[in-house]
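Work through the exercises below with the sequence and the coordinates open. Each task is followed by a stepwise solution.

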Amino acid sequence: MDNHVHDDTVITASALYKYQECHRKYKYAHINLLDVNDDFANRLIGHSYHRCLDRAYNLLDYENIILELQDTIPFPSENKSTSTLRGMLSARFALESSKFLPWESIIECEKELTLPIDDVTWAGKIDRIVENANGLWIMDTKLRNGRYQMMREIYENSVQLVMYIIMARHHNYPVLGYIVDCCRIPILKETKDWPSYVNKIHEDITSRPETYFDRFVYPVDSNLVEKVFNNVRYWVNQIKHDTQFVQNFSACVNYQWGTKCPYYGICHENVDISTFTRKAKSHTELETI
Ligand code: SF4
């Protein structure tokens, strides 16, 4: 049994969300560094979509990222995930600059930034810093499996996004607020003929883009910055000084989505944590930090 002491000095928004959901879940992910494949296919599509956009907006070929995705997942070389990604990207580029995807100049792509908070480092990777007629904005792409009620409200006062604003301003980018670029992942009947599946996805998105894309703009003022920063500072200190990492059993099963916590076996079935592989680092999404 380990003694729960940790020396993780970097905290991100997703790590904080994990801690708020269940302290023990944070410990398994960021102190024990247990590797789990939760929601594997969708996570890969989301991660690869971001990386492909980053490459494309830097005017680079993104095909290698799709090839990497093919190598990563245990399926035949072209598969549902890679075809979905190709269809989504080709439809997006066809619609770029339309009213569904208004164009802004890109100043930075996938920018990793940090901010000192007491004795820890807050870190995050910003999808894009963009400029429109009003000035600079953070732009964050969010992939969703469905279209939800209250989409605008979901991202209002987002700790992750307001902290991006604070980090960007700290690094001398005078950003006015954040723009959420929301994209829905298509769920269409598979054909197994992958080129025609790519076309099917492309056609479905381009024929009814209003069901696939939403853009929400949130200016951020100094009151909100102060409120969110104080809130984050409180939580960061809670994490740093926690020695118990209590379990929140009400978070073990998500009845709405029909999913279990990836560490369910440890907490409920006595699976030994030594049977898990360990991640090489705490925040695998960060490349330079
Ligand atoms: S299974 Fe439950 S108690 Fe255990 S880490 Fe997950 S949410 Fe927390």
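**Exercise 1: two backbone outliers**

Ser97 is exposed, with 10 other C-beta atoms within 10 Å. (Exposed means 12 or fewer such atoms, buried 20 or more, partly exposed in between; C-beta atoms are placed from the backbone.) This is a predicted model; local features need pLDDT of at least 70, side-chain atom pairs count only at pLDDT 80 or more, and totals for chains, interfaces and linings use all residues. Residues are numbered from 1 along each chain as its sequence is written.

Task: place Ser97 and Glu110 and state the phi of each.

Solution.
1. Ser97 sits in the loop between helix H5 (80–95) and strand E2 (105–117). Helices (H or I, at least four residues) and strands (E, at least two) are DSSP runs, numbered from the N terminus.
2. Its phi is near 80 degrees, a positive value.
3. Glu110 belongs to strand E2. Its phi is near 45 degrees, also positive.
4. Glu110 is partly exposed, with 16 C-beta neighbours inside 10 Å.
5. Most residues other than glycine have a negative phi.

**Exercise 2: the ligand shell**

Task: which residues come nearest to the ligand, and what does the shell consist of?

Solution.
1. There are 13 residues around the ligand (C-beta atom, placed from the backbone, within 6 Å).
2. Cys22, Gln247, Cys252, Cys261 and Cys267 come nearest.
3. Helices H2 (23–30) and H10 (264–269) each supply at least two shell residues. H2 gives the most, with 3.
4. The shell divides into 9 nonpolar, 2 polar and 2 charged residues. Nonpolar covers Ala, Val, Leu, Ile, Met, Phe, Trp, Tyr, Cys and Pro; charged covers Asp, Glu, Lys and Arg; the others, Gly among them, are polar.
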